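Here is a short briefing for someone meeting this structure for the first time. Look over the sequence and the model, then read on.

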Amino acid sequence: MSGDKCDDGKLNYALMPWKPVDEVVRVLMFGAKKYGVDNWKQVTDARRRYLSAAYRHINAYAEGEINDNESGFKHLAHAMCCLIFILWFDLNEKS
C-alpha cells in the first residue's frame, strides 16, 4: 500500500476560509426565522431585488457601517447571502 489518493481535478474545499462562511450561515438562519426556510426562492423578481439588496449592504459597509441595524450581523455577510441567492438562481435557471 502506497497511500495514494486521486484528488486531481476535484474541488479543493481546504482553500475556503470557513469563518466568513459561518457569518453567512448566521444571516441565513436569521432570514429563515424571519421569513421561513427557503422563502428566498419564492421572491418575485428575485435577481433584481437581491442585487439591489446586495448593493445596499455593500454601500452601508462602504459608508462605514459594519453591522446591519436590524439583524446585528455583518453587512458583507448579508450581501454575500444576496449574491449566493442570485448565483443559485443562475445555476438553477430560475428567475
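The points below cover helices, loops, salt bridges and surface.

This is a predicted model. Helix H1 spans residues 18-35, helix H2 spans 46-62, and helix H3 spans 75-91. The buried residues of H1 pack against H3. The salt bridges come to 5.

**Helix H1**

- H1 has 18 residues. From its first C-alpha to its last, H1 reaches 25 Å, close to the 26 Å expected at 1.5 Å a residue.
- Val24, Val27 and Gly31 are buried in H1. Seen down the axis of H1, its buried residues fall within an arc of 55 degrees, so they line one face of the helix.
- An α-helix has 3.6 residues a turn, so residues three or four places apart point the same way.
- Lys19, Met29 and Lys33 sit on the other side of H1, where they are exposed.
- Which helix do the buried residues of H1 pack against? They pack against H3.
- Gly36 comes just after H1 and takes a positive phi of about 110 degrees.

**Helix H3**

- H3 has 17 residues, which should span 24 Å at 1.5 Å a residue. The end C-alpha atoms of H3 are 24 Å apart, which agrees.
- The buried residues of H3 include the histidines His75 and His78. Cys81 and Cys82 are also buried in H3. So are Ala77 and Ala79. Phe85, Ile86 and Phe89 complete the list of buried residues in H3.
- What covers the buried residues of H3? The cover includes H1 and H2.
- Glu93 comes just after H3 and takes a positive phi of about 50 degrees.

**Salt bridges**

- Side chains of opposite charge can pair when their charged atoms come close.
- Arg26 and Glu23 form a salt bridge, at 3.0 Å from N to O. Being 3 residues apart in H1, Arg26 and Glu23 are separated by about one helical turn. Arg26 counts as partly exposed, at 37% relative accessibility. Glu23 is partly exposed too, with a relative accessible area of 24%.
- Glu70 forms a salt bridge with Lys34, and their closest N and O atoms are 2.5 Å apart. This pair links distant parts of the chain, 36 residues apart. Glu70 lies in the loop between H2 and H3, while Lys34 lies in H1. Lys34 is partly exposed, with a relative accessible area of 40%.
- Arg48 and Asp45 meet through their side chains in a salt bridge, at 2.3 Å from N to O. Is Arg48 buried or exposed? Arg48 is exposed, with a relative accessible area of 52%.

**Loop between H1 and H2**

- Asp45 lies in this loop. Asp45 has a positive phi of about 55 degrees, although it is not a glycine. At 40% relative accessibility, Asp45 counts as partly exposed.
- Asp38 is also placed in the loop between H1 and H2. Asp38 has a positive phi of about 60 degrees and is not a glycine either. Asp38 counts as partly exposed, at 37% relative accessibility.

**Loop between H2 and H3**

- Ile66 has its place in this loop. Ile66 is partly exposed, with a relative accessible area of 40%.
- Which residues does Ile66 touch, not counting residues up to four places away in sequence? Ile66 touches Tyr61, Phe73, Lys74 and His75.
- Ile66 and Leu76 are 10 residues apart in sequence. In space, Ile66 and Leu76 are 7.9 Å apart, C-alpha to C-alpha.

**Surface patch**

- Which residues form a nonpolar patch on the surface? Leu11, Tyr13, Met16 and Trp18 form this patch. Together these residues have about 490 Å² of accessible area.
- Tyr13 belongs to the patch and lies in the segment before H1. At 53% relative accessibility, Tyr13 counts as exposed, because exposed means over 50%.

Methods: Residues are numbered from 1 along each chain as its sequence is written. This is a predicted model: local features need pLDDT of at least 70, side-chain atom pairs count only at pLDDT 80 or more; totals for chains, interfaces and linings use all residues. Side-chain values use heavy atoms; hydrogens and water are left out. Patches are made of residues with over 30% relative accessible area and no salt bridge: like charges are joined within 9 Å, nonpolar side chains (Val, Leu, Ile, Met, Phe, Trp, Tyr) within 5 Å. Accessible areas come from the Shrake-Rupley method with a 1.4 Å probe; for residues, only the protein chains shown count as cover. A salt bridge is a side-chain nitrogen of Lys or Arg within 4 Å of a carboxyl oxygen of Asp or Glu. Helices (H or I, at least four residues) and strands (E, at least two) are DSSP runs, numbered from the N terminus. Buried means under 20% relative accessible area, exposed over 50%, partly exposed in between (1.4 Å probe, protein chains only). The expected span of a helix is 1.5 Å times one less than its number of residues. The arc is that of the directions from the helix axis to the C-beta atoms. Contact means heavy atoms within 4.5 Å.
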